[in-house]
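Here's a quick tour of a protein chain for anyone just starting out with structures. Have a look at the picture first, then follow along with the notes.

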Amino acid sequence: MPELVFFRRGEEVLRVAVDRARVVLGRGDSSDVAIPDPEVSRQQVALLWDGQKCRVEDLSGKGTKVAGAVVERGDLPDGADLELGQWRAVFRQHGASEDADAATEAGNATSVQGRDAQRWQPAQLRVKQGGTEAVHRLTGDSFTVGKDAGNDLVLQDRFISGRHLKVSRKDGVFHVVDLRSTNGTWLGPVRLFEAEVTLPTSLRVGEAELVLEAVPAAKKEAQAFHGILGSDPSVRQLTDLIQRVAPSTAAVTILGESGTGKELVANALHACSPRANRPLIPVNCAAISKELIESELFGHEKGAFTGSVGARKGAFEEADGGTLFLDEIGELPLDLQAKLLRALESGEIKRVGASRPLHVDVRVVAATNRDLLAAAREGRFREDLYYRLCVVPLHLPPLRNRRGDVVALAEHFVRAFAPRGQTVRFTQAALERLQQHAWPGNIRELRNVVHRALLLRKGPSIDGSDLSFDQEVNRETGITVPELPPGMTLEQMLEKLERQIIETALRRFNNNRERVARELGLARSTLFKRLKDWGLTKQDEQE
């Protein structure tokens, strides 16, 4: 499988498989690979992979430097590099196989085992205090416990000293030392001053119980189903539905927020169906202009319109005998919805400019993040097409509703994207930040956060300071709160947000300033002053 390998100052920091027909690189979270660099556009460049060769398409409008030359579109040969701010990405048409990766990991594990594998035996500290219980993953060689803020584990307990105890580990054995605490460290009925303990061991300090124990082995392979990861009940229910629905020819619509993995579900439906040995053709209805979408779906004859120098098959013909995945189906123009309905009901399509229809055997899987039924009631989507597509609706849960899967998904992405031969881990502080985030961008946002952390990390582990989020959601108000960019003051950020809100309102109400002022609760004079300060008024209005 082809891959992109990212380098910074000659050091490999990230590798990403080009495992789909279109992979977008950019600074924004909507991109497939997030590049944390102000010189990179939110959507900088797209890689188009057809199974044989790769092409690049610049999305920034400024051109992207490929193999030393600025290009807008063209071929991306094996070994060519893309310059993306301070990072360089090299395209490799034949990435290392999974067997090679496994061999590398096995070799690393063998060498570590002979030296200090037991030293890095995965362990955790379970803290039971006041009816609550918390688990802390141990990542270093030692840690201290006490009330003072300088301890690795801070416990508020009237019977615990400022620096109460220290725990070190070596060769699979934990060395516990009481730091002359007032009320002591207890192992059962015995007061402990210094001792070596193995896993599991329960210590009592003050009114808290500290349990040193091994980290439970994760059942990673059991949780994976055609790339769908997770142990949440909603995920298990989804995979069960996929297995039951896949063998049929019924149309399926995948419903869920952006970034929840709708394309993965479409791939799983195809892979579990009798059509698995036939093509799966994806079409993003939102990424194609209205003028070209009909040709993309149904094809065209030579001379059908200006620029059509030859006949071309559409997605329906290419998917004949297989599956057609229509992503963002809610963006399909109304006039094409009627033609799509006719194709679904009769199995016949007609190329643009053709006089005779063609018969195709296609199973359609659609996906959208919109409420199609509400759109149908408002006249923006055909109701008959809605019922034809939603024979079997599959609902994808947002990541905030399956928080138990966040750490497992993050660790999966780290293993997938880490430089070859390197083992990268999350610190406890990083895991806590991941679990506290609201994930408005769902799994896509989590994947991009891991991408950025791998690019920005300062050491062999990913710490909490290496994680950056494009946006936070206030749980009380439900309002998306952007993170303050480095070097920008709060006052500058507030002015930027105010301008964005006003400009959005102006576009929404067709530049009707009275309506904008009324909707935003501003005086007309205040709105006009803001526009004048930002240079958004006409010359005669300024005078």
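How many bridges join strand β6 to β9, and do these strands run parallel or antiparallel? Three bridges link β6 (residues 54–58) with β9, and the two strands run antiparallel. Keep in mind that this is a predicted model. With that said, here's the briefing.

**The whole chain**

- You'll find 16 helices and 33 strands in the chain.
- Of its 543 residues, 43% are buried.
- Take the contacts with a separation of 6 or more: 57% of them come from residues 24 or more positions apart.

**A sheet of five strands**

- As a bit of background, strands in a sheet pair through backbone hydrogen bonds, and the pairing can be parallel or antiparallel.
- The sheet that holds β6 and β9 is an open one with five strands, and you can read its order as β4-β3-β5-β6-β9.
- Its pairing is mixed.
- β4 (33–34) and β9 (73–75) sit at the edges with a single partner strand each, so one side of each has no neighbour in the sheet.
- To find a spot where β6 meets β9, look for E57, whose bridge partner in β9 is R73.

**A run of antiparallel pairs**

- Strand β7 (residues 64–66) pairs with strand β10 (residues 81–84) in the antiparallel sense, over two bridges.
- V66 has L82 of β10 as its bridge partner.
- β10 also pairs with strand β11 (residues 87–92), again in the antiparallel sense, this time over four bridges.
- L82 turns up here too, with A89 as its bridge partner in β11.
- Together, β10 and β11 make a hairpin, and two residues lie between them.
- Check out G85 in that turn: its phi is positive, at about 65 degrees.

**Helices α3 and α4**

- Helix α3 (residues 233–245) and helix α4 (residues 262–271) have axes that come within 8 Å and cross at roughly 40 degrees.
- That crossing angle is why α3 and α4 count as oblique to each other.
- The crossing of α3 past α4 is right-handed.
- On the α3 side, L238, I242 and V245 make the contact, while α4 brings V265, A268 and L269.
- Sort the residues of this contact by class and you get six nonpolar, no polar and no charged.
- Which residues of α4 are buried? They are K262, V265, A266, A268, L269 and H270.
- Those buried residues pack against α3, and also against the strands β23 (252–255), β24 (280–284), β25 (323–327), β28 (363–368) and β29 (392–395).

**Helices α10 and α12**

- Helix α10 (residues 406–417) packs with helix α12 (residues 442–456) at an angle of about 50 degrees, and their axes are 10 Å apart.
- α10 and α12 are therefore oblique to each other.
- α10 passes α12 in a right-handed crossing.
- From α10, the residues that meet the other helix are V406, L409, A410, F413, V414 and F417.
- Their counterparts in α12 are I443, L446, R447, V450, H451 and L454.
- By class, the contact of α10 with α12 has 10 nonpolar residues, one polar and one charged.
- A handy rule when you look at lists like these: an α-helix has 3.6 residues a turn, so residues three or four places apart point the same way.

Key
Residues numbered from 1 in each chain as written. Predicted model: local features only at pLDDT ≥ 70, side-chain atom pairs only at ≥ 80, totals over all residues. Heavy atoms only, no water. Axes fitted to C-alpha atoms, helices over the stretch in contact; angles between N-to-C directions. Parallel < 35°, antiparallel > 145°, perpendicular 65-115°, else oblique. Left-handed = near helix turned anticlockwise from the far one by under 90°. Contact = heavy atoms within 4.5 Å. Nonpolar A, V, L, I, M, F, W, Y, C, P; charged D, E, K, R; others polar. Pairing = 2+ DSSP bridges. Buried < 20%, exposed > 50% of the residue type's maximum accessible area, 1.4 Å probe, protein only.
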